[in-house]
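Trainee: Could you take me closely through one part of this model, the nonpolar interior, and then connect it with what lies around it?

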Amino acid sequence: MLFLEKGSRSFLHDRQLGCSLAFVAGAVNVAGFLSVGSYCANMTGNVTAFAINLQKAQAAVAFSSIALIVSFFLGAMMCTFLVNGGRRRGQKAIYAYSILLEGLLLAAIDLVQIFWLPPAGHNILPPLGLSFLMGLQNATVTRISGSVVRTTHVTGMITDLGIELADWLDAFRHPIEPEKQTQTTLRLRLHSKIIGCFIGGGVIGAFGYTTWPRFFLMSVACVIIALALPGILANAFPAASVEAERDTEAPPSA
């Protein structure tokens, strides 16, 4: 699911990728909030927090919100540099390597937080790192899916869901071509499942981070690395990946 790009991808690929990484984003976002009270994947909220804290003359808190936004922005830029460089070198698994980098950096953040930083709630560095990784992840998924999938932008996903649900309901009164109706239904399923996975990841993140704060991010990092490995292996063993793709190919209604 991290090997094919844009037009070569099916709804099944986008659903697998979107749901998996939305779950991760939901968990990481909650972990960042429980750490210092800031959302690492919610830039709209951070912009609002900046404005409110600026009005209250709470400069340090306002600066933290801006720092998280900048960190997310830099993560998206890093993804673009990686993807563009990989394309110039003909590296087909560049998206998988981008997600692998996210997993490795997340593991490093957890180790730094455990061994070198004060207890959670007293340092902004881990949330800045998490925000960077969320920018990296969101840009990676946006690029590989052709802007069909975003895993951290719930506002946009709910907007898309509302549009698609209205189109789907409207088709009962004003029938449209079967192919167009099928595409609308697939997009409706896709975005609803991604939103559900983000919420589910947040719930798991809340319980997991509260219960196991020292190693929760490490467990999430292992999940991310596991998601990246199939694409890397597909690049290393192309013949086997083609055969696996044929065996797992699903119809458009999947």
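**A residue of the interior and its surroundings**

Mentor: Leu17 is buried, its relative accessible area being 1%, and this residue belongs to helix α1. Please keep in mind throughout that the model is a predicted one. The C-alpha atom of Leu17 lies 9.2 Å from that of Ile194, although 177 residues separate the two along the chain. Ile194 in turn is listed among the residues with the most contacts inside the largest nonpolar core, a set of 46 residues in which Val28, Leu106, Leu130, Phe216, Leu217 and Val220 are also named for their contacts. At least two residues of this core are supplied by each of α1 (11–36), α3, α4, α5 (125–145), α7 (178–211) and α8, and the largest share, nine residues, comes from α1. As a general background to such a core, nonpolar side chains tend to be buried together in soluble globular proteins.

The setting for this core is a protein chain with nine helices and zero strands, so that, by the way helices and strands are assigned, the pattern read along the sequence is α-α-α-α-α-α-α-α-α. Of the 254 residues in the protein chain, 41% count as buried.

Two of the helices that contribute to the core can be followed further through their mutual packing. Helix α4, residues 94–115, packs with helix α8, residues 216–236, at an angle of about 160 degrees, and their axes are 8 Å apart. Because an angle over 145 degrees counts as roughly antiparallel, that description applies to α4 and α8. Their crossing is left-handed, and the residues of the contact between α4 and α8 divide into 17 nonpolar, three polar and two charged.

Turning from the core to the aromatic rings, a search of the whole structure finds four aromatic pairs. One of them joins Phe33 and Tyr39, whose ring centres are 4.7 Å apart and whose planes stand at 15 degrees, so the pair is stacked. Phe33 counts as partly exposed at 35% relative accessibility, and Tyr39 likewise counts as partly exposed, at 37%. Another pair is formed by Trp168 and Phe172, which meet edge-to-face with 5.0 Å from centre to centre and 90 degrees between the planes. Trp168 and Phe172 are four residues apart in helix α6 (residues 154–173), and therefore about one helical turn separates them. Here Trp168 counts as partly exposed at 27% relative accessibility, whereas Phe172 is exposed, with a relative accessible area of 57%.

A last detail concerns a loop residue, to be set beside the buried Leu17 with its relative accessible area of 1%. Ala57 is found in the loop between α2 (43–55) and α3 (59–88), and its phi is positive, about 65 degrees, although Ala57 is not a glycine. With a relative accessible area of 66%, Ala57 is exposed.

Note on methods:
Residues numbered from 1 in each chain as written. Predicted model: local features only at pLDDT ≥ 70, side-chain atom pairs only at ≥ 80, totals over all residues. Heavy atoms only, no water. Axes fitted to C-alpha atoms, helices over the stretch in contact; angles between N-to-C directions. Parallel < 35°, antiparallel > 145°, perpendicular 65-115°, else oblique. Left-handed = near helix turned anticlockwise from the far one by under 90°. Nonpolar A, V, L, I, M, F, W, Y, C, P; charged D, E, K, R; others polar. Buried < 20%, exposed > 50% of the residue type's maximum accessible area, 1.4 Å probe, protein only. Phe/Tyr/Trp six-rings, centres within 6.5 Å; stacked < 30°, edge-to-face > 60°. Core = buried A, V, L, I, M, F, W, Y, C linked by side-chain atoms within 4.5 Å.
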